[in-house]
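The following paragraphs lead the reader through a single protein model, one element at a time. Please keep the sequence and the structure in view while reading.

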Amino acid sequence: MTSPKRSGHPPLVSTDLPVEQLTQSAPVPLQERLRTAFAALPGVQLGPSFVCVPGTRAGHLAPTVAHGPVEAFLAGTEFGHLHPPYDGSVHLMLPGPVARRAVADGWGEPAQPPGSVLVYGPRDDEEAETVRALVLASYRFACGDGATAPDCGDTPDCAATPDGGDAARIVSAV
């Protein structure tokens, strides 16, 4: 199964730190949907990023479920973050095959630290679902399990796996 290709030209991205998406910013309602997706994941607390500009909303994984390798985290238990609304992109730590597939299919570009991807902000509902699948892949990497997640309770779609469901559209390389 192959992941969808992102259509159109990639947005302009700054090459200096901080890395920011300069064009094709995600509409605020789609950014809010991604924020909600981060916040709904079991064991995730949203808060300021340890590594990015003010206004960035980071997903910090509770130590009780943060069983991924050190490469799954930007800093501490921060596995990814949403850049401020003027930008709309998402910075995620992803397993190597997933990161390579996301970049090859036009969803983002390699970033620092190594293994991380600046995922372009979604421009429409369909793109938002693909970006959400990448957020799930990052979360699962940080949890240390590519096949099962912590108990999701009533959280819709939180148990999508890297080899099935929504997430398979982009993470079929795993």
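In this predicted model, strand β4, which covers residues 90–93, pairs with strand β6, residues 116–119, in the antiparallel sense, and four bridges connect them. Within this pairing, Met-93 is placed opposite Ser-116 of β6. Strand β6 also has β5 as an antiparallel partner, again over four bridges. On that side, Ala-111 is the residue that stands opposite Ser-116. Ser-116 therefore faces Met-93 and also Ala-111, with the pairing of strands judged by at least two bridges. The connection between β5 and β6 is a hairpin with four residues between the two strands. Gly-115, which lies in the turn, has a positive phi of about 95 degrees.

These pairings belong to a wider arrangement. Six strands make up an open sheet, in the order β1-β2-β3-β4-β6-β5, with antiparallel pairing. The edges are taken by β1 (44–48) and β5 (108–111); each has a single partner strand, so one side of each has no neighbour in the sheet. On average, neighbouring strands are turned by 25 degrees against each other, direction ignored. As a general point, side chains in a regular strand alternate between the two faces of the sheet.

Which strands does helix α1 lie across? Helix α1 lies across β1, β2 (57–61), β3 (78–82) and β4, and it runs at about 160 degrees to β3. Helix α3 lies across β1, β2, β3, β4 and β6, and its direction is at about 35 degrees to β4.

Helix α3 merits a description of its own. It contains 19 residues, and the distance from its first C-alpha to its last is 27 Å, close to the 27 Å expected at 1.5 Å a residue. The helix is mostly covered, since 16 of its 19 residues are buried, where buried means under 20% relative accessible area. At the start of α3, a side-chain oxygen of Asp-124 comes to within 3.2 Å of the backbone nitrogen of Glu-126. Just after the helix, Gly-144 adopts a positive phi of about 85 degrees.

The charged side chains complete the picture. How many salt bridges are there? The count comes to five, and three of them are described here, beginning with the pair Arg-33 and Asp-125, whose closest N and O atoms are 2.9 Å apart. Arg-33 lies in helix α1 (residues 28–40) and Asp-125 in helix α3 (residues 125–143), so this pair ties together parts that are 92 residues apart in sequence. Both residues are partly exposed: Arg-33 has a relative accessible area of 37%, and Asp-125 has a relative accessibility of 47%.

A further salt bridge joins the side chains of Arg-123 and Glu-127, at 2.5 Å from N to O. Arg-123 is partly exposed, at 28% relative accessibility, whereas Glu-127 is buried, at 6%.

Glu-129 and Arg-132 also meet in a salt bridge, at 3.1 Å from N to O. Both lie in helix α3, three residues apart, which is about one turn of the helix. An α-helix has 3.6 residues a turn, so residues three or four places apart point the same way. Of this pair, Glu-129 is partly exposed, with a relative accessible area of 26%, while Arg-132 is buried, with a relative accessible area of 11%.

How values were computed. Residues numbered from 1 in each chain as written. Predicted model: local features only at pLDDT ≥ 70, side-chain atom pairs only at ≥ 80, totals over all residues. Heavy atoms only, no water. Salt bridge = Lys/Arg side-chain N within 4 Å of Asp/Glu carboxyl O. Buried < 20%, exposed > 50% of the residue type's maximum accessible area, 1.4 Å probe, protein only. Axes fitted to C-alpha atoms, helices over the stretch in contact; angles between N-to-C directions. Contact = heavy atoms within 4.5 Å. Expected span 1.5 Å × (residues − 1). Polar contact = N/O pair within 3.5 Å; in protein donor to acceptor, adjacent residues only side chain to side chain.
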